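Colleague: I would like to learn how to read a structural model feature by feature, with the general idea given before each case. Could we go through one together?

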Amino acid sequence: DGDPRQALNLPKIAEILCNHHGKLKLLIEGHQNPDECSGTDVQRSRAVFQWLVDVGCCSPSLLRIKGMGTSLGMGQCAVPVPIQELVTRQGPSIPELRSMQASPGIHFSIHHVRLAEEVRDILEEVSRCLVADGYGVRIEGHTDK
């Protein structure tokens, strides 16, 4: 069902991901042909994700999946795309998180979804850099249990 080259490429992708010690994340974009069933693109992404986790021993926290449909005309494939993260290294932090020694970043107060004033300063600077460089942005949110 698969291309024999996958037997060579998937282990190489896993090795690269593991060798970066958590500093590299991948978005696995699934693609499909127009005559294929809807959702085949996502199934391809999931299959690569599952192989990288189960066989390649990659951390699932380093992988994201996305179905691209037929939008790029790439046919029956899944493409690993490196994710470049923008991480804040210094700056103001929310007072209630200082006691937990949380790293500077775009944090929210516990049980809140509104941006704190301290965070707005960080976002203003980040937005200036992104606009100046013309980057597209993907925002990802996380929460503790």
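Modeller: Let us begin with burial: a residue is called buried under 20% relative accessible area, exposed over 50%, and partly exposed in between, using a 1.4 Å probe and protein chains only. Please keep in mind that this is a predicted model, in which local features need pLDDT of at least 70 and side-chain atom pairs count only at pLDDT 80 or more, whereas totals for chains, interfaces and linings use all residues. Residues are numbered from 1 along each chain as its sequence is written, and side-chain values use heavy atoms, with hydrogens and water left out.

Colleague: Is Cys 77 buried, partly exposed or exposed on that scale?

Modeller: Cys 77 counts as partly exposed, because its relative accessibility is 22%. Cys 37, by contrast, is exposed, with a relative accessible area of 62%, and Cys 57 counts as exposed at 63%.

Colleague: How many disulfides are counted in the model?

Modeller: A disulfide is taken to be a pair of cysteine sulfur atoms within 2.5 Å, and by this rule the count is 0.

Colleague: Which order of helices and strands does the chain follow?

Modeller: Helices (H or I, at least four residues) and strands (E, at least two) are DSSP runs, numbered from the N terminus. The protein chain has 4 helices and 3 strands, and along the sequence they follow the pattern α-β-α-β-β-α-α. Of the 145 residues in the chain, 28% are buried.

Colleague: How should I check the length of a helix, taking H2 as the case?

Modeller: The expected span of a helix is 1.5 Å times one less than its number of residues. Helix H2 covers residues 40–54, and its 15 residues should therefore span 21 Å, which agrees with the 21 Å between its end C-alpha atoms.

Colleague: Which residues of H2 are buried, and what covers them?

Modeller: The buried residues in H2 are Thr 40, Asp 41, Arg 44, Ser 45, Val 48, Phe 49, Leu 52 and Val 53. Their cover includes helix H1 (6–19), strand E1, strand E2 (63–67) and strand E3 (78–83), where contact means heavy atoms within 4.5 Å.

Colleague: What does a single strand residue such as Lys 25 touch?

Modeller: Lys 25 lies in strand E1, which comprises residues 25–30, and it is buried, with a relative accessible area of 14%. Leaving aside residues up to four places away in sequence, Lys 25 touches Ser 61, Leu 62, Arg 64, Val 81, Pro 82, Ile 83 and Glu 85. For the protein chain as a whole, residues 24 or more positions apart account for 64% of the contacts with a separation of 6 or more.

Colleague: How many salt bridges are there, and where are they?

Modeller: Side chains of opposite charge can pair when their charged atoms come close. The rule used here asks for a side-chain nitrogen of Lys or Arg within 4 Å of a carboxyl oxygen of Asp or Glu, and the count comes to 2 salt bridges. Glu 36 pairs with Arg 44, their closest N and O atoms being 2.6 Å apart, while Arg 128 and Glu 125 meet at 3.1 Å, N to O.

Colleague: How are Arg 128 and Glu 125 placed along the helix?

Modeller: An α-helix has 3.6 residues a turn, so residues three or four places apart point the same way. Arg 128 and Glu 125 both lie in helix H4, 3 residues apart, which is about one turn of the helix. Arg 128 counts as partly exposed at 49% relative accessibility, and Glu 125 counts as partly exposed at 42%.

Colleague: Which residues form a nonpolar patch on the surface?

Modeller: Patches are made of residues with over 30% relative accessible area and no salt bridge, like charges being joined within 9 Å and nonpolar side chains (Val, Leu, Ile, Met, Phe, Trp, Tyr) within 5 Å. Accessible areas come from the Shrake-Rupley method with a 1.4 Å probe, and for residues only the protein chains shown count as cover. The nonpolar patch is formed by Ile 106, Phe 108 and Leu 115, which together have about 230 Å² of accessible area. Phe 108 is in the loop between helix H3 (95–98) and helix H4 (117–133), and Phe 108 is partly exposed at 36% relative accessible area.
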